[in-house]
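Here is a set of exercises to work through with the structure open beside you. Try each task before reading its solution.

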Amino acid sequence: MATDAVTTTAARVRPAEVRNVSAGLWSDALWRLRHDPTTVAALVVLGTMVALALAADLLAENFFHRAFSEQDILSNYSKPSGAEPWLWLGTDELGRSQAVRLLYGARVSLFIGSLGALTALVLGLGMGVTAGYFRGRWDDVVVWLVTTLNSIPLLFLLLIIGVLFRLAPLPFALLLGGLGWLGIANYARGQTIALREREYVVAARTVGCTAVRLMVRHIVPNIIPLMIVLTMIEVGTLILVESAISFIGFGIQPPTPSWGNMLTNAAQYLGKAPYLIYPPGIAVFVTVLCLYLVGDGLRDALDPRLKSR
Amino acid sequence: MRQHRAVRLVIAGIATITLIATACTPTGQPSSTATAAASEQPVAGGRLVIGATGDPKTMQPVISGDTTSSLIWQQVYVTLTRPNYKTGQTEPNLAEKFELSADGLTLTFTLRDNLVWSNGDPFTGEDWKYTVEAVGRSKKTVRKSTYQDIVGWKDYVDGKTDSVAGIAVKDSGKVIEVKFTKIFCPAVAALGGGGAGGILPSKLFKAQWDNKTIDTSKNIDDVPYNMSPPASMGPWVFKEFKPGVQVTFTKNERYFRGAPLLDEFVVKVYADATAVKNALMVGEVTQANIQPSDNEEVSKNEALKLFRYKQSSYDYIGWNLKAAKAPWLANVQVRQALAYGIDAPAIVNKVLLGFGSQIYAHTPPVSWAYDDTGFTKYTRDVNKAKQLLEQAGAKMGGDGVYRWTDGAPMKMRIEAAQGNNVSETVLQFAQEQYKAIGIQIDPLLESFNALLDRTQPGPDYEGFIIGWSLGADPDPYSIWHSSQSGKDQFNDVFYANPTVDQALVDNRNGPDCSQAARKKALHAMDLQLNQDVPYTFLFTRDALRYADKKLQGFDPNTYAYLWNVEKWWLKK
Amino acid sequence: MGRFILRRLVQAIPTLIGILVLTFALTRLSPSDPIQLMLGGQYDITPEDRIALRESLGLNEPLPLQFIKWVWAILHLDFGQSFYYHRPVMDLILERVPNSLQISIAALLVTVAIGIPLGVIAALRRGHIEDHGIRIFSVAGHAIPQFWLGLMFVLTLSVQLRWFPIGSMNAVGVDCGLCWDRVWHLIGPVAVISIAGIANLPRILRTEVLEVISQDYVRTARSKGLREKAVIAGHVLRNALIPVVTSFGTILLVFFSGALIIERVFNWPGLGRLTFEAAVNKDYPLVQAGVVISSVLLIFSYLLRDIAYAWVDPRIKAR
């Protein structure tokens, strides 16, 4: 496979370690990852978070015995206490369990971040690779689109959209993806332009490979590893963006909890219930931090030459 | 209520209440509490800072519709009479005497002597007439109904005459005589006070809009002076406006109650109620009305003192009886079910944190006309609510939501204004509470302006959470009379009941204008409203006004807090 | 250089057009009736008046024509009247833009002043504790939500500790621009906004510095006897700065975007807060203008960055 020829060079690193030299890119990467404690830790944290988020319904029903929108106004403003699981993080002004809402907020934020990043990946890859490969008119259009969207501060754009439409999580995620593909496209395009002149690509073209086949079988697999890294980082970025726009009220609307709109509430009740502001903020921070660390770790694992050491 | 032109107000957090349109007309008798309190000598100098959440849209009363704007123009344009800050009784302000004739058809104001504007121009009855006529021709005002019973009003509005015949300024400007086409019980309060809004300096404004004309295309709505008051009869003189930052006033040496002791008055603009509260905590703002949830934190601040008092206002959930998407709202049993479906006492205890009380009808408890005999005091009763719904013809669906007689699920929207954490909380609370009685609510939060706009009488809204801020003289005609559901009017629930209509007319046009008779009429209205529940009446909030302890002479109460601002001083 | 600038300006035009099309299309997609919103405060409007108003605003014309007219007006700096304030939008915006620029420029200066030394230190002390510390700070700084940081700042440093003001540009009654009071008020918003930039810069700079330092010409400079500082400043930085200047693009984007929320948190009367309040009030002309103007400012900043780039690396100009 043409791809192997290009990548085994990357495998010839650190001959001192005892390792199976002929392993492919991915198993190499995996090996390196396993020996990178920070990244592993981050992965574990992320994994736990995702698991908890997915199990939100189960947990809400069987462990906390509270739904995320369930109010108990007589227990509002309760400080966090160990008394019962639903009180672990306290309650807000309507007596809703912050612990349960944090969990569902994780679901919403992670969902939006992932789906958005995935959309961004697909769009970015599609636009970037085709632009880089075909050049000419299409490339001009894509570059124009990227420059234009890059020139509008993202939150302003989301603001004007938020004024006009109230979006549910799914369309919102797609929207974020639709605006967040720029970095990925840029990178994909750059790489494609470089790669299309490589011998094997030229060879494939001469042999009669169609453009699509070329792109899909020869170009994309070469850039995918780093695309994945960018995507992971994009998830983090989108989670930050979503929480920012929800915080000012133009993103996910209550009562659907998102870490962003939980913070809107918390900010209003800072005097009465200061404990409300820490869990969502820390949750965002930890999640995004882990995503960045994993992204960094993945990048180092996939191409140690890029490692900053 | 007329006198203060019932302003639709979301009884909100800090700034909004700080700027209540009800009050804020300066002073009453010179011999007030200030002397009693002072065992020390007042010192001159210093600055008073008040917080507002948003820039003023205008600085004159004719087209003013929001609280920030009201706060601004009330400092420079004052009224003939004003309500006593505690009792609400009409007192002299610019007018030292006011008399309604025996037949109730002529109202005479006699101005004080030697009244001058801050720039030296004399103040006369012409200024009042000018302001009234400005309202007549304005396309952006909500005050027209205040004057509709004056002789010659309609002709002026329509451009048939160049002045309102029924207003005569006599005695070289010292006397104003107003003639009505029918008895108007709240006349004194309404025309002398809030209904009219502050009085403009006609001599200066005439250059930008002349009232002596039949040209109805011209009006005062867009003149430059609207954003920079050229002269003042109030305690302060407008100095400058920095958009997004603040409005600054300096003291008016010619103020008829005496020049203020303080040098400067600043209205500073903040992003929201929490920001104003923060400003209060660090001393950037001198006094503010805060949200109940902030009380715990603010009360711990040793530099601040609390003034708590009842307000002449209440919050409610309005139900549009002509909602296109919710025909069941026209059914009184459904509305009663809605009243039984929400736990209002819990709101008072847990959201207002006890700083307020539940209400059951329109007249607020603090009013002289309040009488709750015979009221049904609604408390949460899920079973009763469901019973009522089923009696009305609703059938429970498989998903826990009732189906109405036409088969449609009983689902509707309630909207509320952002920026007021009590309303926002009530909105979400209502959603959950009504879920339990089988009604699905779709909550919508929007800006206050958008809310007002959307709830102009029409079929496109169902429920909405908002409040009324009411003047001392009760005249809820424009809120409850069946004729008041026109495009720009205030009966936006399309309530129509002959008993209430009659009571409103009795209260407003007499012929018996005694308090006893009016109280009786208003009680009849309240009883009917309590039964028909076109609103789910929720609560009236107490004011939680905190002020810097250094501020002396500050004495806020139900109907005014700035009434004696010229006597305030700051201890060093 | 002049030709370079001209070329870049011309290249910016299609972008501008794209922004205008996007903004116009978005607002025309709005389900609300613009007339209803515009007349929000007026009560005596008859149906005939409404129709006349529609005509006079050109709302019955075909969309492309409306677009052209709108763009034409914008070129004359006429964004229409604000629905909420009933004043020309351009006036409102011009009042606020200088305030926003103060934060952005100050933040950029702070980012450069702190970020560059940090990056150099991290490179020179590679592997040591300073390097690790800076790396951790970088990643953390990226991950922290800016608005949360702002809230925490106001809560702890302003309200509780009273070290800094809770917001606004000046203390009440103080009216100065270039003075200590203004600087003191700038610290909060600038600190919060620059964290993102400061987190970014050292990483890029570090990589670049490390790469450059191993280059031949640096060794030559050292062997010539130049002092280390001169080597660093003259040769290393000059070359390492190139990608740094490129990263200004992302940094500026973050600054402008972040301004929306930070201006609200710190009560700063800037363009971001104006646009936000306009959005809340459904004041479409103002929101449109806010988006367009902030984009124009951003494009302009990119242009300045490109000029800086060309100045630092003369090879760029040739392209």
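**Exercise 1. Contacts and make-up of chain A**

In this predicted model, find what share of the contacts in chain A with a separation of 6 or more comes from residues 24 or more positions apart.

Solution. Start with the contacts: residues 24 or more positions apart supply 70% of those in chain A that have a separation of 6 or more. Next, look at the secondary structure, where chain A has 13 helices and zero strands. Then turn to burial: 56% of the 309 residues of chain A count as buried. Finally, take the surface. Chain A exposes about 12900 Å², and 67% of this area is supplied by carbon and sulfur atoms.

**Exercise 2. A ring pair between chains**

Classify the aromatic pair of Phe247(A) and Phe147(C), and say which helices hold the two residues.

Solution. A pair of aromatic rings is described by how far apart the centres are and by the angle of the planes. The search gives 40 aromatic pairs over all chains. For Phe247(A) and Phe147(C), the centres are 4.4 Å apart and the planes make an angle of 20 degrees. Planes under 30 degrees apart count as stacked, so this pair is stacked. Now locate the partners: Phe247(A) belongs to helix 11 (residues 211-247) of chain A and Phe147(C) to helix 7 (residues 146-160) of chain C, so the pair joins two chains. As a last step, check burial against the cut-off of under 20% relative accessible area. Phe247(A) has 8% and is therefore buried; Phe147(C) has 2%, so Phe147(C) is buried too.

**Exercise 3. A ring pair within chain B**

Is the pair of Tyr314(B) and Phe537(B) stacked or tilted, and how many residues apart are the partners?

Solution. The ring centres lie 5.8 Å apart and the planes meet at 50 degrees, so the pair is tilted. Following the chain, Tyr314(B) is in strand 14 (residues 313-319) of chain B and Phe537(B) is in strand 21 (residues 535-548) of chain B. The partners are 223 residues apart, and the pair links distant parts of the chain. Both Tyr314(B) and Phe537(B) are buried. To widen the view, note that the two belong to one aromatic cluster, whose members include Tyr316(B), Tyr461(B), Phe464(B) and Trp480(B).

**Exercise 4. Arginines over rings**

Find which ring Arg66(A) lies over, and which ring Arg545(B) lies over.

Solution. In chain A, Arg66(A) sits over the face of Trp86(A), 3.7 Å from the ring centre. In chain B, Arg545(B) sits over the face of Tyr561(B), with 3.7 Å to the ring centre. Arg66(A) also takes part in a network of salt bridges with Glu70(A) and Asp72(A).

**Exercise 5. Helix 6 of chain A**

Which residues form the nonpolar patch on the surface, and where is the salt-bridge partner of Asp139(A)?

Solution. The patch is made of Phe134(A), Trp138(A), Val141(A) and Trp144(A), which together have about 370 Å² of accessible area. Helix 6 (residues 136-150) of chain A gives the most to this patch, with three residues. Take Trp144(A), which is found in this helix: Trp144(A) has a relative accessible area of 34% and is partly exposed. Now move to Asp139(A), whose side chain meets that of Arg189(A) in a salt bridge of 2.7 Å, N to O. Asp139(A) is in helix 6 of chain A and Arg189(A) is in helix 9 (residues 182-195) of chain A, 50 residues apart. Asp139(A) and Arg189(A) are both buried.

**Exercise 6. Salt bridges in chain B**

Describe the burial of each partner in the salt bridges Glu264(B) with Arg47(B) and Arg82(B) with Glu91(B).

Solution. The whole structure holds 40 salt bridges over all chains. Begin with Glu264(B) and Arg47(B), at 2.8 Å, N to O. Glu264(B) lies in strand 11 (residues 264-269) of chain B and Arg47(B) in strand 2 (residues 47-52) of chain B, 217 residues apart. Glu264(B) is buried at 15% relative accessible area, whereas Arg47(B) is partly exposed at 30%. Go on to Arg82(B) and Glu91(B), which meet at 3.6 Å, N to O. Here Arg82(B) is buried at 2% relative accessible area, and Glu91(B) is buried at 7%.

Notes: Residues numbered from 1 in each chain as written. Chains lettered and ligands numbered in written order. Predicted model: local features only at pLDDT ≥ 70, side-chain atom pairs only at ≥ 80, totals over all residues. Heavy atoms only, no water. Phe/Tyr/Trp six-rings, centres within 6.5 Å; stacked < 30°, edge-to-face > 60°. Helix = DSSP H or I, 4+ residues; strand = E, 2+ residues; numbered from the N terminus. Buried < 20%, exposed > 50% of the residue type's maximum accessible area, 1.4 Å probe, protein only. Lys NZ or Arg CZ within 6 Å of the ring centre and 35° of its normal. Patch = residues over 30% accessible without salt bridge, like charges linked within 9 Å, V, L, I, M, F, W, Y side chains within 5 Å. Areas by Shrake-Rupley, 256 points an atom, 1.4 Å probe, with all protein chains shown as cover. Salt bridge = Lys/Arg side-chain N within 4 Å of Asp/Glu carboxyl O. Contact = heavy atoms within 4.5 Å.
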